[in-house]
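Hi everyone, thanks for coming. I'd like to walk you through a structure this morning, so let's put it up on the screen.

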Amino acid sequence: MKKIVACYKWVVDEADIRVEGKARSLNFDRIKYKISEYDRNAIEVGASFNEKQGCQFLAVTCGANVEASLKDVLSRGPESIAYVNDGALEETDSSVTSKVLAGIIKKIGEVDLVICGEGSSDGYSQQVGPRLAALLGYASVTFVNKLELTEDGIRAERKLEDGVEVVELTGPAVVTVLPDINKPRIPSLKQILAAKKKTSEKLELAAIGLDSLALKQKTLDVSGTVMERKNIQINSGGMTIEEAAQKLVQQLKADGSLA
Amino acid sequence: MSGDIFDCIIVGAGPSGSIAGYLLAQAGLEVLIIERGNFAGSKNMTGGRLYSHSLEKIIPGFSKEAPVERRVIKETVTMLTGDSSVSLDFQSELLGEEKKDSYTVLRADFDQWLASKAEEAGAILASGVRVDDLIIQDGKVTGVIAGEDEMEADVVILADGVNSLLAQKAGLKAELKPDQVAVGIKEVIELPANVIEDRFNLNPGEGAARLFVGDCTKGKIGGGFLYTNKNSISLGLVFTLSDIGTEGLSVPQMLEEFKQHPAVKPLIKGGKLVEYSGHLVPEGGLTMLPKLYGDGVLVVGDAAGLVINAGYTVRGMDLAIASGEAAAQAVIAAQEKGDYTAPNLAHYKNLLDNSFIMRDLTKYQDFPIFMENHRIFKQYPQLAVDIFKDLYLIDGNPLKPLKKTALSHMKKVGIVNLLKDAWKGGKIL
C-alpha cells in the first residue's frame, strides 16, 4: 500500500487584502486565511487515490498560524495531518519552507509520493516542490495535469508550453499539479463531521532536526501594482477611420509598443 | 449522541441558532449547528444595532468580550424633504444603562463570535454546508438532508433566516409575499474613529443612531438609517419589497440619492465605501407568524418572522436571541420527558407568549397597517419643514404669528387627517 503526502500552504485570502493610498500599501486588517487554491487540487489527488485505491494519505503543512487550517484540510480527504506551527515561520521563503516540509515528511517516513500544488496562491514561486524533491532525494515532476499510480512508481502527463509530455518513473517522487487535474471537493456534512475525529500530529522544529532557520531573503516592502491608464482618445472630433488608425499607429510607436 | 444521531440539529448559525446551540450544549446535549456560509455571519446583515437586554440575560457582560462596535448614547430622528430636514435629537446617559443599552454591530464579526461561544460550550459547527431538505417520517421531522448526506436528530431547530424554505417544507409556513418583507440595503463607509467622534459629537466608544423618514424612501413606507461603528458608518434604507420600482427608481439609485441629500452628504464626506449589502427583512409582524413548532421541529428568529416593524425601523436580533433561548428551554424540557412531539414542544410557544416577543409583536400588530398611511412618509415631513421654514427664514417681509402659519400648513394635510393619525398612532403605541 502506497503512502501519499499532500503539502499545502495556509495563505491569506487575496480577496481580503486592500490596496491603499498612493503608496499602494497593502492593508491586512480584515483578512481571512484559506488553503492555497492549487494545493486544494493536490489534496484532491491524494484523496482520490485514498478513496479509489486504498492508499494511505496524509496532509503536511507548516507556518506560524496553521492550526486554524486543520479542520478544513481534514474534511478534504486526508486520514491525518502532521504539521509544524512555530512563530519562527512567520516570515519564510521557499528554501526554509521546503526544509521544514522535508523534515516532516522524513519524520513520517517511507513516503512514496508527495503531491504539491504547482505554486502557492500568494507567492507562486513554484519552488517548494522541486526543492522538496532535492532535499528528499526524490524524482521531481512538475506541471502535471494527469497522474496515475503504477506498480512501482507513477505515470504523469505534463502540460508544457508547446506540448504534452508523458513520463513514467519508478521510485518515490514529488509531483506538482496544475489546476486542470481535477475539481477539488466542497466538503460535505459527513466529511466535515468525520474530520473532527481524525488525528493531527504537531511536531516541533527540533523534532525534525531544525534548530535554527536561516532566512537568507528578507522582504522589505510589499505593495500593489496598478496599470495607469493614459486615457488617450484617438478618434475624437469626427476623425475618419484612416486618420484615426494612423494616429493610433503613431501613438503606439511613440510608446514603444510597436517597433 | 447514540451512533450517528444528534440530540439536536440547528440549521443556521445566526444569533437565534447560535444561542440555542450555546444553551443546549451547556445543558449537555449533543448539538450540531449547520451553517450555509463559509463562516457564521458571512451571509448575514443588519442595519446595525443590537439591543442588549436579551443577550445580557444569557451572557452577562457580553459587550466586554464580544466584537461590538459602539454603545449608542445618541438617537436622532430626521424628517426629510427633497432639500430640507427637521431633526429631533435625544442624548442621554439613560441610553447607556446596563441591560437597557444598545450596541452598533457588524454581523460578520459578531455572528462569528456568538457561534464560537456555542462551539466552546461543546456544540459542533459545520460551515459551508447547505441543508437541502428535512427528513420527515410519519409527519415527524427526524433529521436533515445536505447534498448526499443524511443526518438524524431527535429534534431540529430551523434558524435558517427570513426566507426559510425548510419551514415551508415542514409545512409550518407559506411562501413569503412581497408585502410581508422589506428589503434592506446598506453601505459600510470607512472613516477614521476620531472623524466619526468629531462629526457626531461622541466620546471614544460612544455611538450614534439616526433614523430618516420621508424623501429617502420617496414617500413610500420605510426609512433610512445611519449607525456609527468603530471605524465606519453603516448607512442604508429599508422599505417594503412590493414598493420597489413604483417611483421609477432602482434600489441602488434610491440609496445614491439618499447619500446625496444635504442632510446626509456631510456625514459621510471623505469616507470610503468598503462594503455593500442587501437582505430581506420580515416585517409582517403577527400577520405572518408561522406555526412555530411541529413534531420534532421548532422555528426561531427571522425564520419565524420574529421582527418588530415600527414602520420606519425594524428590530429583530434581540427577538432572535430570546427565541433561541426559548427554543433551547423547550428542547431541554422535551428531552427530560423523552418526547419531542408537537404537544410537548408547544412549551416553546408558551415561553414566547409570556415573553416580550409576543407582547411587543401584539402591541405593534396594527402598526404596519397604520404606517401604510402614506401621509407619514410624504406630507408630515413636508409639514414640519414648512413650519420651521416660516420660523427661521427672515427675508424682511412682515412676520406672521406662528399659530397662523402653522395652521395654514396643517390645513394642507387636513386637520381631520392629522387628528385621526395622531389618535390612531397614539392608540397603537
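Let me start with one side chain: Leu252(A) sits in helix α6 of chain A, which covers residues 241-254. Keep in mind throughout that what you see is a predicted model. Is Leu252(A) buried or exposed, or something in between? Its relative accessible area is 30%, so Leu252(A) is classed as partly exposed. Leu252(A) also belongs to a nonpolar surface patch, together with Leu248(A), Val249(A) and Leu258(A). That patch comes to about 280 Å².

Now let's step back to the domains. In chain A, the assignment gives domain 1 as 3-208 and domain 2 as 229-259. How far apart are the C-alpha centres of these two domains of chain A? They lie 48 Å apart. Chain B is divided into domain 1, made of 5-69 + 105-175 + 287-354, then domain 2 at 181-282 and domain 3 at 370-428. For domain 2 and domain 3 of chain B, the C-alpha centres are 26 Å apart.

On to the aromatic rings. As a reminder, a pair of rings is described by the distance of the centres and the angle of the planes. Over all chains, the count is 7 aromatic pairs. One of them is formed by Trp10(A) and Tyr33(A), with 6.3 Å from centre to centre and 20° between the planes, and it is stacked. Where do the two partners come from? Trp10(A) is in strand β2 of chain A (residues 10-12), while Tyr33(A) is in strand β5 of chain A (residues 33-35). The pair therefore links distant parts of the chain, 23 residues apart. The two rings sit in different accessibility classes by their values: Trp10(A) is buried at 14%, and Tyr33(A) is partly exposed at 36%.

Over in chain B, Phe212(B) and Phe258(B) make an edge-to-face pair, with centres 5.2 Å apart and 75° between the planes. This one joins strand β12 of chain B (residues 206-214), which holds Phe212(B), to helix α6 of chain B (residues 251-260), which holds Phe258(B). The two are 46 residues apart, and again the pair links distant parts of the chain. Phe212(B) is buried at 0% relative accessibility, and Phe258(B) is buried too, at 2%.

Rings can also have a charge over them here. Which residue lies over the face of Phe39(B)? That is Lys32(A), at 4.2 Å from the ring centre, so here a residue of chain A meets a ring of chain B. Within chain B, Arg315(B) lies over the face of Tyr51(B), at 5.6 Å from the ring centre.Arg315(B) brings us to salt bridges, since Arg315(B) also forms one with Asp318(B), where the closest N and O atoms are 2.9 Å apart. Asp318(B) is buried, with a relative accessible area of 1%. In general, side chains of opposite charge can pair when their charged atoms come close. How many salt bridges does a search of the whole structure find? Over all chains, there are 36.

Let me pick out another of them, between Asp101(B) and Arg71(B), with 3.5 Å between the closest N and O atoms. Asp101(B) lies in the loop between β5 (85-91) and β6 (102-104) of chain B, and Arg71(B) lies in strand β4 (residues 70-80), so this salt bridge ties together parts that are 30 residues apart in sequence. Asp101(B) is buried at 2% relative accessible area, whereas Arg71(B) is partly exposed at 33%.

There is also a salt bridge between Lys218(B) and Asp215(B), at 3.5 Å from N to O. Here Lys218(B) is the buried partner, at 18%, and Asp215(B) is partly exposed, at 22%. Back in chain A, salt bridges link up into a network whose members are Asp13(A), Glu14(A), Lys34(A), Glu37(A) and Arg40(A).

One last stop before I hand over. Tyr138(A) is in the loop between α4 (128-136) and β9 (139-149) of chain A. Is Tyr138(A) buried or exposed? Its relative accessibility is 19%, and the cut-off for buried is under 20%, so Tyr138(A) counts as buried. From Tyr138(A) to Ala68(A) is 70 residues in sequence and 30 Å in space, C-alpha to C-alpha.

That's my tour, and thanks for listening!

Technical notes: Residues numbered from 1 in each chain as written. Chains lettered and ligands numbered in written order. Predicted model: local features only at pLDDT ≥ 70, side-chain atom pairs only at ≥ 80, totals over all residues. Heavy atoms only, no water. Phe/Tyr/Trp six-rings, centres within 6.5 Å; stacked < 30°, edge-to-face > 60°. Helix = DSSP H or I, 4+ residues; strand = E, 2+ residues; numbered from the N terminus. Buried < 20%, exposed > 50% of the residue type's maximum accessible area, 1.4 Å probe, protein only. Lys NZ or Arg CZ within 6 Å of the ring centre and 35° of its normal. Patch = residues over 30% accessible without salt bridge, like charges linked within 9 Å, V, L, I, M, F, W, Y side chains within 5 Å. Areas by Shrake-Rupley, 256 points an atom, 1.4 Å probe, with all protein chains shown as cover. Salt bridge = Lys/Arg side-chain N within 4 Å of Asp/Glu carboxyl O. Domains from an automatic or database assignment.
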